[in-house]
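Thanks for making time this morning. I would like to take you through one protein chain, starting from its overall layout and ending at a single residue.

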Amino acid sequence: MEFITKGETIDCIRIIKDKDSGKETQINVASFNAGVDRVPPHVAAELFIEEVKELVLWLEDRKKLQSKLEMQSIEHTKT
């Protein structure tokens with residue numbers, strides 16, 4: 001599962017690998033507003049349990065990173 005931020009939207013992309021060819025297919029399973037800091041119900045309904053757990057961790061990490069960046073001056077974020 002990949003979570004990709006595009007503007008004000010977060011896309012939840014499921015990666016499916018073909019057993020025979022090894023080719024990967026990406027499927028956009030759900031999307032939600034990037035301003036949301038928890039898993040929306042419509043997204044949880046579309047994801048597998050492990051994917052929901054992964055999204056929860058991703059959102060927590062994202063929030064920590066945003067908080068850290070907000071506390072730094074612009075000069076420190078450039079390096």
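What follows is a short walk from the fold to the core and then to one arginine.

Please keep in mind throughout that this is a predicted model. The protein chain contains three helices and three strands, and, read from the N terminus, these elements come in the order β-β-β-α-α-α. Along the principal axes, the C-alpha atoms fill a box of roughly 50 × 30 × 20 Å, and the radius of gyration is 15 Å, where a compact globule of 79 residues would have a value near 12 Å. Of those 79 residues, 23% count as buried. The exposed area of the chain comes to about 6,100 Å², with carbon and sulfur atoms supplying 54% of it. As for the contacts with a separation of 6 or more, 32% of them are between residues 24 or more positions apart.

Let me turn to the strands. Strand S2, residues 9–17, and strand S3, residues 24–33, are paired in the antiparallel sense over nine bridges, and one detail of that pairing is that Ile-15 has Gln-26 in S3 as its bridge partner. The two strands form a hairpin with six residues between them, and in the turn Gly-22 adopts a positive phi of about 80°.

Now the interior. The largest nonpolar core has 12 residues, among them Phe-3, Ile-10, Cys-12, Val-29, Ala-30, Val-43 and Leu-59. S2, S3 and helix H2, residues 49–71, are the elements that give two or more residues to this core, and S3 gives the most, with three. Ala-30 shows how such a residue is surrounded: leaving out residues up to four places away in sequence, Ala-30 touches Ile-10, Asp-11, Cys-12, Val-43 and Glu-46.

That brings me to the arginine. Is Arg-14 buried or exposed? Arg-14, which is found in strand S2, has a relative accessible area of 17%, and because the cut-off for a buried residue is under 20%, Arg-14 counts as buried. Which residues is Arg-14 in contact with, once neighbours within four places in sequence are left aside? They are Met-1, Thr-25, Gln-26, Ile-27, Val-29, Glu-46, Leu-47, Phe-48 and Glu-51. With Glu-46 there is also a polar contact, in which the side chain of Arg-14 reaches the backbone oxygen of Glu-46 at 3.3 Å. Glu-46 is thus a residue to look at twice on the screen, as it appears among the contacts of Ala-30 and among those of Arg-14.

Terms used: Residues numbered from 1 in each chain as written. Predicted model: local features only at pLDDT ≥ 70, side-chain atom pairs only at ≥ 80, totals over all residues. Heavy atoms only, no water. Helix = DSSP H or I, 4+ residues; strand = E, 2+ residues; numbered from the N terminus. Buried < 20%, exposed > 50% of the residue type's maximum accessible area, 1.4 Å probe, protein only. Polar contact = N/O pair within 3.5 Å; in protein donor to acceptor, adjacent residues only side chain to side chain. Contact = heavy atoms within 4.5 Å. Pairing = 2+ DSSP bridges. Rg over C-alpha atoms; globule rule 2.2 N^0.38 Å. Areas by Shrake-Rupley, 256 points an atom, 1.4 Å probe, with all protein chains shown as cover. Core = buried A, V, L, I, M, F, W, Y, C linked by side-chain atoms within 4.5 Å.
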